[in-house]
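Subject: Structure handover

Hi there,

Here is the structure I promised to pass on to you. Please have it open while you read the notes underneath.

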Amino acid sequence: MPEAIRQIRTVVSAILLAAVGATLAACSGGDFGRTRESMRSDDMHRWLGTEVTGSLGLKASQFQLTDEERQLRDLAYPIIEPPLSRPAWKSVFGDYKALPSPWRQKIVFDRTMYGRTLIDEPHRSHSSRYAQLIEDVRNDITRFEPFFASAIRVIDLDKKREASMARVSALSPQEKADAVARMQENSLIIQWVQQSLEQRVSSYRWALERLVIQAPDGMAADADRLIGELAAQTANPPVASPYGRAVVSKG
């Protein structure tokens with residue numbers, strides 16, 4: 001009888017532990033690594049504008065985001081977030097975080113970080129590492145056109161905003177300051193994405209070079225072709241910032 005009771009207690013404990021674990025996972029993170037719904041909101045990426053202006057000592061605009069400006073920020077975040085920067089455990093214990101702008105960081109960009117993470121993480125084979133690299137590059141290529149299409153629309157609307165300010169009756173100093181600040185925010189976000197893409201190309205090339213010398217594979221040619229495609233797109237963006245380019249970190 002005591003043995004039977006111990007077995008029952010063991011089974012009950014295992015069930016309770018599994019239930020608690022499932023509950024914590026459901027509360028802390030979304031399914032399949034997605035951001036949980038409680039963390040989502042229409043303006044969840046609004047902080048990008050505050051971050052870029054604040055990092056340069058500028059004041060953020062108090063205007064509400066337009067639909068186009070909101071979409072610009074939503075499309076910017078996946079490109080700004082460094083690839084392989086989110087460990088698996090973060091998909092459970094909260095997988096979203098604000099990032100410092102490149103103008104705030106005092107450290108030099110480390111182009112080896114992505115490659116070292118890719119190589120050091122457990123993989124079934126080197127082929128899976130090549131596959132991960134190819135997938136990451138292809139994802140960036142897929143994100144490129146939607147983001148810059150949004151950027152073109154936002155810049156076009158900002159040009160109209162700037163031209164119309166001279167004709168607005170009784171424009172207050174605060175309204176003018178907020179309008180200018182919003183245009184600066186949009187421009188800096190586009191520059192942030194541009195720099196992130198340049199850094200990704202550099203990181204991908206470093207990673208591919210290390211994979212080739214460690215484990216030559218025919219998949220290297222596909223990876224090299226995709227990196228070249230992303231590099232060509234990044235070197236010739238379809239839109240330029242109307243406010244010029246801020247000083248950025250090099251690496």
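Below is what I found, going from the whole chain to its helix pairs and then to one residue.

Please keep in mind that this is a predicted model. The protein chain holds seven helices and zero strands, so to speak an α-α-α-α-α-α-α pattern when you read along the sequence. Of its 251 residues, 37% count as buried. If you take the contacts between residues at least 6 apart in sequence, 83% of them join residues at least 24 apart.

Let me start at helix α7, which covers residues 219-235. Its 17 residues reach 24 Å from the first C-alpha to the last, close to the 24 Å expected at 1.5 Å a residue. Which residues of α7 are buried? They are A220, A223, L226, I227, L230, A231 and T234. These residues lie on the same side of α7, because they cover an arc of only 140° around the axis. As for their partners, the buried residues of α7 pack against α5 (126-165) and α6 (173-214).

Helix α6 also meets α4, a helix made of residues 113-120. The axes of α4 and α6 come within 7 Å and cross at roughly 40°, and the two helices are therefore oblique to each other. The crossing in which α4 passes α6 is right-handed. On the α4 side, the residues involved are Y114, G115, R116, L118 and I119. They meet S203, Y204, W206, A207, R210, L211 and Q214 in α6.

Another pair worth opening in your viewer is α2 (residues 47-55) with α3 (residues 67-80). Here the helices pack at an angle of about 65°, and their axes are 10 Å apart. With that angle, α2 is roughly perpendicular to α3. W47, L48 and G49 of α2 make the contact with R73, A76, Y77 and I80 of α3.

Finally, a single residue: V180, found in helix α6. Is V180 buried, partly exposed or exposed? V180 counts as partly exposed, because its relative accessibility is 26% and buried would require a value under 20%. V180 and R161 are 19 residues apart in sequence, with 9.2 Å between their C-alpha atoms.

Do write back with any questions once you have had a look.

Best wishes

Technical notes:
Residues are numbered from 1 along each chain as its sequence is written. This is a predicted model: local features need pLDDT of at least 70, side-chain atom pairs count only at pLDDT 80 or more; totals for chains, interfaces and linings use all residues. Side-chain values use heavy atoms; hydrogens and water are left out. Helices (H or I, at least four residues) and strands (E, at least two) are DSSP runs, numbered from the N terminus. The expected span of a helix is 1.5 Å times one less than its number of residues. Buried means under 20% relative accessible area, exposed over 50%, partly exposed in between (1.4 Å probe, protein chains only). The arc is that of the directions from the helix axis to the C-beta atoms. Contact means heavy atoms within 4.5 Å. Axes are lines fitted to C-alpha atoms, for helices over the stretch in contact, and angles run from 0 to 180 degrees between N-to-C directions. Angles under 35 degrees count as roughly parallel, over 145 as roughly antiparallel, 65 to 115 as roughly perpendicular and the rest as oblique. A crossing is left-handed if the near helix is turned anticlockwise from the far one by less than a right angle, and right-handed if clockwise.
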